[in-house]
Amino acid sequence: MQKYLTLLLILLIVSCKDNPEKLKTGNYRATLKVNDTLNLPFNFEVTAPKSIKIFNAEEVILVNEITYANDSVIIQMPVFDAYLKAKIEGDMLKGFYVKEDLNRVVDFEAEFGNSERFARSERVSKYTVEGSWETLFSPNSEEDKYIAKGIFKQDGNKVTGTFRTTTGDYRYLEGVINANKLSLSTFDGAHAFLFTATVTDSTMEGMFYSGSHWKEPFVANRNDTFELPDANDLTYLKEGYDALEFSFPDASGEMVSLADEQFKDKVVVVQIMGSWCPNCLDESKFYSEYYKNNQDKDIAFVALAFEYSKTEEKAFNSIKRLQNDVGIEYPILLAQYGTSNKTKAQEKLPMLNHVLSYPTSIFIDKKGAVRKIHTGFNGPATGEKYIEFKTEFGSFVNELLAEDTKIIL
């Protein structure tokens, strides 16, 4: 009930001024309220009244869907179904970050003229976190714990990097280390992540916050030789199945399956994804570019979208928004709406041992045989791993393209 009352308050936030105020051009420091004592900071720059840039380490997110109503501004995030809505009060913005389909509302503020993400100590920390870290999230829960690899760079007190997991990465993280306290954050429109930790040169113990709705502890030890399990071994066809089968609708209501003529005698990459998923967005950008540059080859892509939008219409609107923003030319089918639950997703694809991650990519050869299933995606924030994935992808697809359909495997 509280969430619905807050959403109503957001709708009523607009007051009655005849001359709408506009955002001041320049830098802002924004915060999202995680709890009563903790804020998640990020930075953005207003380059024009209807254009801003959000910064996370090397990442720059361009936002150009900005509307004004009296003394309020609505900043619609690109691709994702989320927005910031706030009153303009001089040098301050005060309002909310909202994801309506998930009934999530977080207090939002921004201060003009401030570009400092976290307060930085004048003294350089005696500790360094640069390098690789073997990490365990939710270490005290057998049910919830999972492994990750922290990858960080440090310049003075400034720290950038990410955590890689078996299902993807935690985006471009940026922050500081003051004395023995590490703070990192990112905001990409879909997710707002904050990591805080107490560190030494060889250990980390901290807490991971996702907005105001989720938190979990983590511990880490420096380990430059640690590697995550092979992403190609985590998801597979169950015994008794020898092919991938599905039939899901596209935006026109047409049912699409791998038996269709458009996939005949082609290498097919099936992408399990969601329009709400940042790692899926990174993967979709790569696949979209690859597809445009290789349309003269016998390769096809098809995405199966698992959407948490509450209605079919909203789900297809989210898919269309993704297609338009990224320029995706391959079909995206609606596999599920109303939930992004992975157990429910696996029910739609019963031949898989599980749906462990959004995204997951299934590689099918020209004869229709599943040749590889890649779980998760190492996005640009992972640096070398992203480059490694692109190289591996291109090599494997070329191998499949070179195969003769007449050869019986």
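Helices and strands are taken here as DSSP runs, with at least four residues for a helix and at least two for a strand, and are numbered from the N terminus. The model examined is a predicted one, and its two foremost pockets are described in turn.

The largest pocket has a volume of about 1,200 Å³. Its lining comprises 36 residues, of which Thr167, Tyr170, His191, Trp276 and Lys342 are the closest to the centre of the pocket. At least two lining residues come from each of strand S13 (168-169), strand S17 (203-210), strand S18 (214-222), helix H2 (278-293) and helix H4 (342-348), and the greatest contribution is that of H4, which supplies three residues. By residue class, the lining of the largest pocket consists of 15 polar, 13 nonpolar and eight charged residues.

The second largest pocket encloses about 520 Å³ of space. It is lined by 22 residues, and those closest to its centre are Glu59, Val60, Ile61, Leu281 and Lys285. Strand S4 (59-63), helix H2, helix H3 (312-326) and helix H5 (384-402) each provide at least two residues of this lining, with H2 giving the most, namely five residues. The lining of the second largest pocket divides into twelve nonpolar residues, nine charged residues and one polar residue.

Helix H2 thus appears in both descriptions, since at least two of its residues belong to the lining of the largest pocket, while five belong to that of the second largest pocket.

Note on methods: Residues are numbered from 1 along each chain as its sequence is written. This is a predicted model: local features need pLDDT of at least 70, side-chain atom pairs count only at pLDDT 80 or more; totals for chains, interfaces and linings use all residues. Side-chain values use heavy atoms; hydrogens and water are left out. On a 1 Å grid over the protein atoms alone, a cavity is a set of points where a 1.4 Å probe fits but cannot get out, and a pocket is an open set with protein on both sides within 12 Å along at least five of seven lines; lining residues have an atom within 4 Å of a point. Grid points are joined across faces, edges and corners, and a volume is the space filled by probe spheres set on the points. Ala, Val, Leu, Ile, Met, Phe, Trp, Tyr, Cys and Pro count as nonpolar, Asp, Glu, Lys and Arg as charged, and the others, Gly among them, as polar.
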